[in-house]
Structure formats: C-alpha cells, structure tokens
Amino acid sequence: MIRDPQAFSQALQSIERHVRERLIPSEAEVEARDEVPPQLVAEMASLGYFGWSIPEEWGGQGMTTEELVLAAMALSQASVAFRARVGTNTGIGSEALVADGTPEQKARYLPRLASGEITGAFALTEPETGSDATALRTRAERDGSDYLLTGTKCFITNAPLAGLFTVLARTDPEQAGAHGISAFLVERDTPGLQTGQPYKKMGQAGSPVSEVHFDQCRVPAANLIGGREGQGFKTAMKVLNKQRIHLAALCTGPAIRMLEEAMRWTTQRHQFGQPVAQFQLVQALIADCQTDIQAARALILQTARQRDEGEDVSLQASVCKYFASEMCGRVADRCVQMLGGSGYIHGHPIERFYRDVRLFRLYEGTSQIHQLNIAKRTLAAFEAQQGRL
Ligand SMILES: Cc1cc2nc3c(=O)[nH]c(=O)nc-3n(C[C@H](O)[C@H](O)[C@H](O)COP(=O)(O)OP(=O)(O)OC[C@H]3O[C@@H](n4cnc5c(N)ncnc54)[C@H](O)[C@@H]3O)c2cc1C
C-alpha cells in the first residue's frame, strides 16, 4: 500500500538522485576506507533514511511494507555498505521495539533510532547456535530489579557502531527451545558489554560486524521488551518475517545495478568486430538476468501488499528471501561472465557486488533453512486443505 502516491513518487525520486549523485561516486572510497564517510552518514540521516520503517509518532516516516521495499530497492543500487549502515535501524535493530515494545521503551529509543542519533543492532546468533537459533545459550538471570546477561553473540551487524542492542537471551533455563527466550534492549555503555574487533570479511567493506560479549551485564528489568519473559522468540520471528521481505528487496537493488553495469560494458566492449552485447549467447545472459529481476520484484511487491493488507505472509516472506537472494547470486555470476576477465579484477563494481551479495544467501536464514520452512508450510497447508475436503 502506498499512502500518498504523488508524495511517495517524489520521495523515491529523491532517493534515486541521492544514490546516483552522492552514493555511487563514493563507493570506491567506502571500499578503500572500510567505512561509510561520516558526511554521507549525516546526509542519509538528514534525508530520513534511518527512520523509514519507524512509525511517524516516534519520529520516523512510518513507511508501509510496499513503500519500504521500493525505497530499499532504490538505495541498494549503491554499494551494499550504505544500506547496511542504515539498515539495522530500518530493520532488525528497531523492529522488535516497534512490534512489541512498551510505550515507555518506544518513547525512549525509537526517536533516536529514527534520527540516526544511535545505531541499532540485533543480537541473536551465537558461536554454537546459528540456524538452530532456539538453542541459544546467553543467560539472563533476574537479580532484584535487573537482569544479569552472560554470554557471547557473534556475527552482529553494526555491533562496532551500535548504541542499542536487541539481545535474545534465555530467562528460563528449564525451558528448552523458544519458550525460555526473552528479548532485551541493552545500551552500549552498560557495564559488562563489550564488542569485539570487526571481522575481516569476504565483502561488504564499510559494514562492520563483530562479536558482542556480555559478562554479568546488568540490564534494568524495564528493558525487557514488552515487559514479559518468554516472548523473545515470538518477537524475533515477527521481526524476521518483515525483514525477509525487506532483505529480498535489498537483494534486488544490487541485481538491477549489476545488470545495468553489465549492459554498459557489453555495449561498449568489441570483439570480432562488434559489441559483445550483439552476441546471442551474451543476450541470453542479459535475458536471464532481466527475467530473474522482474520475477523477484513482482514477488516482493505482491508480498509487501499482502502484508500491508494484514495477511499472514510467513510462507511468502520465506519464498521472497529464498528466491531473491539466490536470484541475486545468479545475476552476479552472469554479470561477471559478461565482463570476461575484467569482471574478476578488483575495481569494477561488479567484482565488488559479486563478493558483497554472497552474504545474502547466508544470513537471516540460509537458503536451506528457507527451503525447509517453505516446504513445511506448503505441506501443512496441503494437509489442512485435505482435512477440510
Ligand atoms: C556478515 C554477517 C552478518 C550477520 N549479521 C547478523 C546479525 O546482525 N544478527 C544476528 O543475530 N546474526 C547475524 N548473522 C548470522 C547469520 O544469521 C548466521 O550466520 C546464519 O543464520 C547461519 O548460521 P551459521 O553461520 O551458524 O551456520 P550453520 O547454522 O552452522 O549452518 C551451516 C550450514 O548447515 C546448513 N544447515 C544448518 N541447519 C540445517 C538443517 N536443519 N537442514 C539443512 N541444512 C542445514 C546451513 O544452511 C549451512 O549451509 C550474520 C552473519 C554474517 C556472516
């Protein structure tokens, strides 16, 4: 759903202009410095990027899912680092609070996340629990009016920069699985919280990711999201459902950009006396990229609209994330192929995107986990239908 088509179309054009005129020209600098320059972070904050999905009453733009995915597809046509810099605030770093926070928690943190004053991070994964997230071990023990958190989280996007962490921890050690898990808001300067050195990654330079350590980290009970123990995993699932659609859009922007770059190259590069784009085997690569991108875009927009209509999109969100992340990998591979040897040399955007987008198939549910989820839900729907006949 688009609330005001004319106003939104102008907003989208402004993002597209910013991407073209300011972000794309800075991509090489971001890669070389392994950082988004503070000036560009300030620009993105002033343009409201940090608050896209945060409700207007808390200082954000209150974008609907359809608006959010369209904005995400536009921003993610620039280096992945830019959208990763704002992406936790518009996604996993604020959504738990938006979905299940108390009014006091929302009032305290959402305006600062929306303005970009603080960066959010979402800490679920642990060294021993990745895909099997409900087995997490980080403990939160009640101590008077506080909780004491102890454990280690790994692979946390924006942890080195974050001012606020949404942390999933086990409040009830007797309850195995999801039921004993609660979600906490933990401020960066809380004694007992430490972040590790940023990892050296395959790609996504400029997007820092690190471990987070909790050693008897004292968190006020007022920072238990929603004020109730045992709800943390339900909250996390709500976050991830929306985030899967958002992430699918963030896989589509890079694919659009890579195809554009590949067409720029293949129409200029001559072999056998003609632009390589004239060869039908190269055209087949172009056609497959375009078809993949359009299929992903249509799927994402349809799912976003269904979510805005209040439908349960648990199955479709997984389908979107699985299809779009795999699609982006296929497009990256074909685009390197279209550039020949030049696509393998550091310095061309396609070489960078090829490395950057590999992550999409791994985080927020690997492709295998989404395949399992899609099959499980499809079979359940079939069995329910059979039961009704
Ligand atoms: C750069 C980066 C940023 C990240 N950001 C965050 C973040 O901000 N917050 C956060 O909480 N996490 C984050 N993650 C963690 C990410 O979500 C996990 O890496 C992901 O969930 C996979 O977990 P794992 O790495 O432990 O792999 P594993 O779970 O160990 O999986 C290894 C392999 O086994 C397969 N596998 C596992 N279980 C099954 C099964 N049941 N059936 C079939 N195959 C299976 C997987 O698909 C995979 O191929 C990030 C990771 C990276 C690398």
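Which pocket is the space taken by the ligand? The space taken by the ligand is the largest pocket; on a 1 Å grid over the protein atoms alone, a pocket is an open set of points with protein on both sides within 12 Å along at least five of seven lines.

A word on the model first. This is a predicted model, in which local features need pLDDT of at least 70 and side-chain atom pairs count only at pLDDT 80 or more, while totals for chains, interfaces and linings use all residues. Residues are numbered from 1 along each chain as its sequence is written, and side-chain values use heavy atoms, with hydrogens and water left out.

Now let's look around the ligand. It is surrounded by 18 residues, and the closest are Thr 125, Ser 131, Phe 155, Thr 366 and Gln 368 (a residue counts if one of its heavy atoms lies within 4 Å). The table lists polar contacts, meaning pairs of N or O atoms within 3.5 Å.

| Ligand atom | Protein partner | Distance |
|---|---|---|
| nitrogen | Phe 122, polar backbone atom | 2.8 Å |
| nitrogen | Thr 125, side-chain N or O atom | 2.7 Å |
| oxygen | Thr 366, side-chain N or O atom | 2.7 Å |

Taken alone, the ligand exposes 970 Å², and the protein buries 64% of that (Shrake-Rupley method, 1.4 Å probe). Strand E3 (146–157) and helix H12 (367–388) are the elements that give two or more residues to the shell around the ligand; helices (H or I, at least four residues) and strands (E, at least two) are DSSP runs, numbered from the N terminus.

Finally, meet helix H11 (residues 349–356): 7 of its 8 residues are buried, so this helix is largely enclosed by the rest of the structure. Buried means under 20% relative accessible area (1.4 Å probe, protein chains only).

Note on methods:
Buried < 20%, exposed > 50% of the residue type's maximum accessible area, 1.4 Å probe, protein only. Polar contact = N/O pair within 3.5 Å; in protein donor to acceptor, adjacent residues only side chain to side chain. 1 Å grid on protein atoms, 1.4 Å probe; cavity = no way out; pocket = protein on both sides within 12 Å on 5 of 7 lines; lining within 4 Å. Sits in = over half its atoms within 2 Å of the grid points.
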